[in-house]
Each structure stands twice: as structure tokens, then as C-alpha cells.
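Subject: Structure handover

Dear colleague,

I am passing on to you the structure that follows, together with an account of what was found in it. Please look through it first, and then read on with the model open beside the text.

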Amino acid sequence: MQTQMSEDKEKNLMSMYRETRPREFFGEKSSTNHLAWSLLVILLALLFWLGVALSAAENQRYALETQACQDRVFPAEIDTSCLKQVKSRDHWWQHVGHALVHLGA
């Protein structure tokens with residue numbers, strides 16, 4: 001009988017503390033959809049990477065079109081070191097904009 005009463009007191013005491021406890025701790029059930037946020041971050045990182053790659057490719061394509069990296073000694077050749085560091089337009093967004101507008105060209 002004595003153990004029954006002490007167990008009841010303990011249960012009442014624990015239920016009182018359980019009610020005052022915050023509902024969510026780190027690592028417990030969360031209402032945030034982590035999969036969706038993770039996919040969004042991965043998608044944004046991929047779009048950033050594709051934008052950088054598109055800008056670099058269009059920069060080199062436009063430099064070849066305007067013959068900005070023509071080799072001075074051998075006019076039929078291309079200066080590859082120039083092609084790696086050429087800046088054929090003023091800004092990166094001009095390359096991306098031109099590439100997106102002129103998809104087939």
C-alpha cells in the first residue's frame with residue numbers, strides 16, 4: 001500500500017513537470033520540413049554553379065567570336081592563356097543574359 005501511494009505521488013509529480021516542460025528540444029519532433037529546405041538549398045547551390053559556368057562559357061565564346069584572343073605570332077591559332085583570363089564583356093550578368101536570350105545561336 002505504501003509503495004502504491006509513493007508511486008502515485010511520483011506519477012503526479014512527474015506529470016506536473018512534464019506539463020511545464022518546453023514542447024520541443026533540439027533533435028525532437030519538429031514542424032519544419034527539413035527535406036524541402038535541404039532540397040531548396042541544394043537547388044539554389046546548383047543554380048549558382050550553373051550560372052557561374054554559363055557566364056564563363058559565354059565569356060569564352062564571345063571572346064572567340066570577336067577574336068579577342070587571337071595569337072599574335074600565328075594568326076590562325078588561339079592564345080589559350082588569354083582565353084582563360086579574358087574579360088570580353090564588362091559584367092557577368094551580361095554574359096548570362098546574352099546566353100539565356102540567344103539559346104540557339
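Of the 105 residues in the chain, 12% are buried. Please keep in mind throughout that this is a predicted model, in which the chain has an average pLDDT of 85 and 84% of the residues score at least 70. That confidence is not even along the chain, since the mean is lowest in helix H1 (residues 2–20), at 74, and highest in H2, at 95.

As to the overall layout, the chain contains four helices and zero strands, so that reading from the N terminus the order of elements is α-α-α-α. When contacts between residues at least 6 apart in sequence are considered, 48% of them join residues that are at least 24 apart. The chain has an accessible surface of about 9300 Å², and carbon and sulfur atoms account for 63% of that area.

Helix H2 is where most of my notes belong. H2 is made up of 32 residues and spans 46 Å from its first C-alpha to its last, which is close to the 46 Å expected at 1.5 Å a residue. Its buried residues are Ser55, Glu58, Asn59 and Ala63, and H3 and H4 are among what covers them. Just after H2 comes Gln67, which takes a positive phi of about 55 degrees.

There is also a nonpolar patch on the surface, of about 830 Å², to which Trp37, Leu40, Leu43, Leu44, Leu46, Leu47, Trp49 and Leu50 contribute. One of these residues, Leu44, lies in helix H2, which covers residues 34–65.

The charged side chains deserve a separate look. Side chains of opposite charge can pair when their charged atoms come close, and three salt bridges are found in this structure. Which residues do the salt bridges link into a network? The network consists of Glu58, Arg61, Glu65 and Arg89, and it can be followed one pair at a time.

Arg61 forms a salt bridge with Glu58, in which the closest N and O atoms are 2.8 Å apart. Both residues lie in helix H2, where they are three residues apart, or about one turn of the helix. Arg61 also meets Glu65 in a salt bridge, with 2.5 Å from N to O, and these two are separated by about one helical turn because they are four residues apart in helix H2. The spacing matters here because an α-helix has 3.6 residues a turn, so residues three or four places apart point the same way.

The remaining pair is that of Glu58 and Arg89, whose side chains meet in a salt bridge at 3.1 Å, N to O. This pair links distant parts of the chain, 31 residues apart, with Glu58 in helix H2 and Arg89 in the loop between helix H3 (80–85) and helix H4 (92–101).

Are the members of this network buried or exposed? Glu58 and Arg89 are both buried, and for Glu58 the relative accessible area is 7%, which is under the 20% that marks a buried residue. Arg61, by contrast, is partly exposed, with a relative accessible area of 27%, whereas Glu65 counts as exposed because its relative accessibility is 52%.

With kind regards

How values were computed:
Residues are numbered from 1 along each chain as its sequence is written. This is a predicted model: local features need pLDDT of at least 70, side-chain atom pairs count only at pLDDT 80 or more; totals for chains, interfaces and linings use all residues. Side-chain values use heavy atoms; hydrogens and water are left out. Patches are made of residues with over 30% relative accessible area and no salt bridge: like charges are joined within 9 Å, nonpolar side chains (Val, Leu, Ile, Met, Phe, Trp, Tyr) within 5 Å. Accessible areas come from the Shrake-Rupley method with a 1.4 Å probe; for residues, only the protein chains shown count as cover. A salt bridge is a side-chain nitrogen of Lys or Arg within 4 Å of a carboxyl oxygen of Asp or Glu. Buried means under 20% relative accessible area, exposed over 50%, partly exposed in between (1.4 Å probe, protein chains only). pLDDT is the predictor's confidence in each residue, from 0 to 100. The expected span of a helix is 1.5 Å times one less than its number of residues. Contact means heavy atoms within 4.5 Å.
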